[in-house]
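Biologist: Could you walk me through this fold, one question at a time?

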Amino acid sequence: MFKPEINFQVPLVPIVGDDFCFPYLVNLNVKKKILGISHINIDVLDDIGISLLQGNGKVWHLRKKKRIICDPAGLPILTLREKSLSWHNTWKVYRAGSSDRNDLLYTVKRSSPIQMKMQLDVFLASNISGEMCDFHVKGAYTNQSFKVYKGDTLIAEVKEKFKLGSFFKGKENFDLRVYPGVDYAFIVSILIIYNEIYGES
């Protein structure tokens, strides 16, 4: 059985919570599937196939989209809400099942309204000025793979596992590499938002 190399000297980056941070490299697989014509199901698995997180939501919304990330017992951990009529495709992420301003954790949006590159900026709720983002996401040109940075430091990588047959069946798969100390629930939420913004690009 794989034994990760543990480094307790690594500082934690607990955006959602300490429970989602580990002092070693975490490899995850994210499976997205459209159920019927209206619902989306997302399953986050560790490297031995154990479900760690689950996501759900509706494909179509008249006003704005919403995605819920739950633990394996079905308890909400994060609520992801799209902001209506936003040039930057802004999403706000709240604690648990809330949409209260006091429970806002962070905001994710495109770096600029008109883009040649797939890039997102992440602003923590504590970042009052909003002059500089706390995290930056740089995507690939040809697929939905991307990297997440804190300043100049790479903290996570996401690679799309594209299969033509799965795509036409409404299925998508991603490999996540989350570096030691980084909140994997946070990275999963970034993947879901990235997929919503650039999934049809």
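Below, the two of us talk through a predicted model.

Biologist: Glad to start broadly: how many strands are there in the protein?
Modeller: Reading from the N terminus, the elements run β-β-β-β-β-β-β-β-β-β-β-α-β-α. Alongside two helices, the count of strands in the protein is 12.

Biologist: And in which order do the strands run in the closed barrel?
Modeller: Happily, this is easy to follow on screen. The pairing in the barrel is antiparallel, and the twist from one strand to the next averages 20 degrees. The order is 1-2-3-4-5-6-7-8-9-10-11-12.

Biologist: Let's zoom in on a hairpin. Which residue takes a positive phi in the hairpin of strand 2 and strand 3?
Modeller: Strand 2 and strand 3 run antiparallel and are joined by seven bridges; N41 stands opposite N56 in strand 3. Five residues lie between the strands of this hairpin. The one with a positive phi, near 90 degrees, is G49.

Biologist: Moving along, which residue in strand 4 stands opposite G57?
Modeller: Strand 3 and strand 4 are also an antiparallel pair, with four bridges. Opposite G57, in strand 4, you will find R67.

Biologist: What is the bridge partner of L78 in strand 6?
Modeller: Strand 5 covers residues 76-82 and strand 6 covers residues 91-95. The two pair in the antiparallel sense over five bridges. In strand 6, the partner of L78 is R95.

Biologist: Now the helix: what angle does the direction of helix 2 make with that of strand 12?
Modeller: Helix 2, residues 184-198, packs on the sheet. The strands it touches include strand 1 (26-35), strand 7 (104-110) and strand 12 (171-178). Between the directions of helix 2 and strand 12, the angle is about 140 degrees.

Biologist: Is N195 buried or exposed?
Modeller: N195 lies in helix 2. Its relative accessible area is 7%, and a residue under 20% counts as buried. So N195 is buried.

Biologist: Then which side chain makes a polar contact with the side chain of N195?
Modeller: Leaving aside residues up to four places away in sequence, N195 touches K32, Q144, E172 and F174. The polar contact, at 2.7 Å, joins the side chain of N195 to that of Q144.

Biologist: Last one, on the surface: what share of the exposed area do carbon and sulfur atoms supply?
Modeller: Of the 201 residues, 43% count as buried. The protein exposes about 11700 Å². The share from carbon and sulfur atoms is 54%.

How values were computed. Residues are numbered from 1 along each chain as its sequence is written. This is a predicted model: local features need pLDDT of at least 70, side-chain atom pairs count only at pLDDT 80 or more; totals for chains, interfaces and linings use all residues. Side-chain values use heavy atoms; hydrogens and water are left out. Two strands pair if DSSP finds at least two bridges between them. Axes are lines fitted to C-alpha atoms, for helices over the stretch in contact, and angles run from 0 to 180 degrees between N-to-C directions. Contact means heavy atoms within 4.5 Å. Buried means under 20% relative accessible area, exposed over 50%, partly exposed in between (1.4 Å probe, protein chains only). A polar contact is a pair of N or O atoms within 3.5 Å; within protein, one must be able to donate a hydrogen and the other to accept it, and residues adjacent in sequence count only if both atoms are side-chain atoms. Accessible areas come from the Shrake-Rupley method with a 1.4 Å probe; for residues, only the protein chains shown count as cover.
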